[in-house]
Amino acid sequence: MSITILGIESSCDDTSASVIKDGFLLSNVTANQDVHKAYGGVVPELASRAHQQNIIPVVDQAMKQANVSKKDITAIAFTRGPGLLGSLLVGTSFAKSFSLAMDIPLVEVNHLQGHILAHFIKEYEKENRLPEFPFLCLLVSGGHTQLVVIKNHLEMGVIGQTIDDAAGEAFDKCAKVIGLSYPGGPLIDKNAKVGNKDAFSFSKPRIKDLDYSFSGLKTSFLYFIRDSIKENPDFIKENMMDLCASIQHTIVEILMDKLEKAVKQTGIKKIAIAGGVSANSGLQNAMKDRAVKYGWDIFIPDFKFTTDNAAMIAITGYYKYLNKEFASQDIAPLARFPF
Ligand code: KG4
Ligand code: ZN
């Protein structure tokens, strides 16, 4: 019997629904929220209101695109956390109601696990290589930066993580300092492509073991810009591309230094990247460079699975369903939800 999972993602500012049948993607529909652009970051109250407006049309669209009806859904999977509580509540309440109304199992999903398992989404008429276990994953998003060892679909352990800001936050905050709109990561990436990465240098943090830190870099970037503007009011305008290339290069090298250390420590050479920042071309190029230099077997997600999406929640729900890991109706979302 085939297994059809409806996945729901609403942890931050994207409302997304996806249908996955036997591990193959049938649809993945996401409504982004432009309402936050004017504020330079996500406003939680506005995010939960927008989720409420979007959730029904997004689910409806996902089912239509997948050509399935409510009765075809075997189980519903939703993001339980981590994320913004008000946002998570919308997806959680929807999933619970759907499960109750259709009398089908409810599956809770950790958003971070979802980002990693996005590598297991299969697509019709597309050859994609799935990572073999165990593999290492550098999970880099707007809220998290972690090095994770993946033993199997459902067993994973964090071996390093940021002690302050996430890599995506570093991108977004540095972007804001030079006047780019939110989220600044993709804009820095775009500008960096035509800039000189060696034009400016920023010091890298010295943090023990496999942990990361990005708050110092953000502050030193802010002071550097402030001092430079004092000497030349047009400094940002005249150096925009080089500033983007240099800050991106620094963030990527910080990420890669610890990843290389993790490879040495664990002896695992199968390496994936996941999360919003894994869309970054500088990071992807650095991975390709290490693959050639050190013989790493690398896994880079398809662009549509890098930032928040419900397909990653549906695929995780699929593996949890196979393992009979179901949630009960009294389940509550969690703003903090470590592996
Ligand atoms: O995974 P995600 O969609 O949401 C969270 O779970 O946080 O990640 C969003 C983050 C934002 O910080 C955004 O600026 C960053 O991913 N991002 C990028 C790129 N695309 C998205 N950062 C650098 N380069 C990109 N191309
Ligand atoms: Zn995410």
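Here are three short exercises on this predicted model, each with a worked solution.

**Exercise 1.** Find the protein donors of the zinc ion (ligand 2), and work out which parts of the chain the pair His111 and Asp308 ties together.

*Solution.* Start at the metal: His111 (NE2), His115 (NE2) and Asp308 (OD) lie 2.0 to 2.1 Å from the zinc ion. Next, look along the chain, where these donors follow the spacing H-x3-H-x192-D. Now place two of them: His111 sits in helix 3 (residues 111-117), while Asp308 belongs to the loop between strand 10 (297-299) and helix 9 (311-322), so the pair links parts that are 197 residues apart in sequence. Finally, check the surroundings: both His111 and Asp308 are buried.

**Exercise 2.** Work out how many disulfides the whole structure has, and why Cys12 and Cys137 form no such bond.

*Solution.* A disulfide needs two cysteine sulfur atoms within 2.5 Å. Take Cys12: its closest cysteine sulfur, in Cys174, is 19 Å away, too far for a bond. Then take Cys137: the closest cysteine sulfur to it is in Cys12, 19 Å away, again too far. The search of the whole structure finds zero disulfides. As for their settings, Cys12 is partly exposed at 22% relative accessibility, and Cys137 is buried at 0%.

**Exercise 3.** Describe how the protein surrounds ligand 1.

*Solution.* Begin with the neighbours: 19 residues surround ligand 1, and Gly142, Asp172, Asp189, Gly276 and Asn280 are the closest. Then look at backbone contacts to ligand oxygen atoms: a polar backbone atom of Gly142 is 2.8 Å from one, a backbone N or O atom of Gly276 is at 3.0 Å, and one of Gly168 is at 3.3 Å. Last, consider the cover: ligand 1 has 550 Å² of accessible area on its own, and the protein covers 89% of it.

Notes: Residues numbered from 1 in each chain as written. Chains lettered and ligands numbered in written order. Predicted model: local features only at pLDDT ≥ 70, side-chain atom pairs only at ≥ 80, totals over all residues. Heavy atoms only, no water. Donors = N, O, S within 2.8 Å, 3.2 Å for Na, K, Ca; no water. Helix = DSSP H or I, 4+ residues; strand = E, 2+ residues; numbered from the N terminus. Buried < 20%, exposed > 50% of the residue type's maximum accessible area, 1.4 Å probe, protein only. Near = heavy atom within 4 Å. Polar contact = N/O pair within 3.5 Å; in protein donor to acceptor, adjacent residues only side chain to side chain. Areas by Shrake-Rupley, 256 points an atom, 1.4 Å probe, with all protein chains shown as cover.
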